[in-house]
Amino acid sequence: MDFDFSPIVENWRFFAGGLGITVALSAVTALSSIVLGLVIALLRLYGPRWLRVLLVFYIDSMRAIPVLVVLVWIYFAFPLMAGVTFAPFWAALVALTLHIAAYSAEVIRAGIESVRPGQMRAGLALGMSRAQALRKIILPQATIRMLPAFGSVLTVAIKDTAIATVIAVPELMHKAETIAGQSYRPIEVFTAVIVAYFVILFPVTRGVDRLYQRYAHLGRS
């Protein structure tokens, strides 16, 4: 079997454009998921009881529904129900954020709860408010402990962007499908996709591990 990677070389700008969309969608998704997850985790831990019940239902629902189903529902069903139409990129961002934020919330909640309760009581005894103790004592330690899990969240966010091709987001996988369909070279094209994802993800996973190893001592209590 002869391998011919010329379709990738000839269409490298087109391919790189999809890679750029993938990186942008991944970065914004990861950031928005962690921010939303933080809000959900704090409300679940310190919010009113009725709100905690709703948040638990949201978290369990998102963890029980495949992300592809959420994406398709946001893009095709939600506009019919609410009369609001999303562009493919924004539909993918909303769907991925809602889905991954549920996992981020559990990671953050577990990280906060892993810090000994006595440290919160000590902060309150020193005259801090609960918010100050959380910000200055609890979260700095919890963040270090959550670094490996945050690395997994970032990895999932990057990999899950590939499903956005089903709603025609012009990301890496969508551009690769176009090139493969035009060149009849699916082996070479999708091998290039594998390499591209590896080049993105391997440094991310190793970088997060190195960062945790360097600062792990700051999370001990």
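## T155 and its surroundings

In this predicted model, T155 is part of helix α7, which spans residues 130-160; helices here are DSSP runs of H or I with at least four residues, strands are runs of E with at least two, and both are numbered from the N terminus. T155 is buried, at a relative accessible area of 12%, where buried means under 20%, exposed over 50% and partly exposed in between, for a 1.4 Å probe and protein chains only.

A polar atom of the T155 side chain lies 2.9 Å from the backbone oxygen of G151. Beyond its neighbours within four places in sequence, T155 is in contact (heavy atoms within 4.5 Å) with L201 and T205.

## The nonpolar core

The largest nonpolar core, a set of buried Ala, Val, Leu, Ile, Met, Phe, Trp, Tyr and Cys residues joined through side-chain atoms within 4.5 Å, has 26 residues, and those with the most contacts inside it are L25, I40, Y58, I59, A92 and I167. At least two residues of this core come from each of α2 (12-46), α3 (49-64), α4 (67-82), α5 (88-114) and α7, with α5 giving the most, 9 residues.

Setting aside neighbours within four places in sequence, L25 is in contact with F89, A92, L93, L96, T161 and A164.

## Annotated domain

An unreviewed UniProt entry carries the annotation "domain: ABC transmembrane type-1" for residues 19-205; its positions are given in the numbering used here, its feature name is shortened, and such annotations may be inferred rather than shown by experiment. This span is 85% helix and 0% strand, and its end C-alpha atoms lie 18 Å apart.

## Basis of the values

Residues are numbered from 1 along each chain as its sequence is written, and side-chain values use heavy atoms, leaving out hydrogens and water. Local features need pLDDT of at least 70 and side-chain atom pairs count only at pLDDT 80 or more, whereas totals for chains, interfaces and linings use all residues.

Key:
A polar contact is a pair of N or O atoms within 3.5 Å; within protein, one must be able to donate a hydrogen and the other to accept it, and residues adjacent in sequence count only if both atoms are side-chain atoms.
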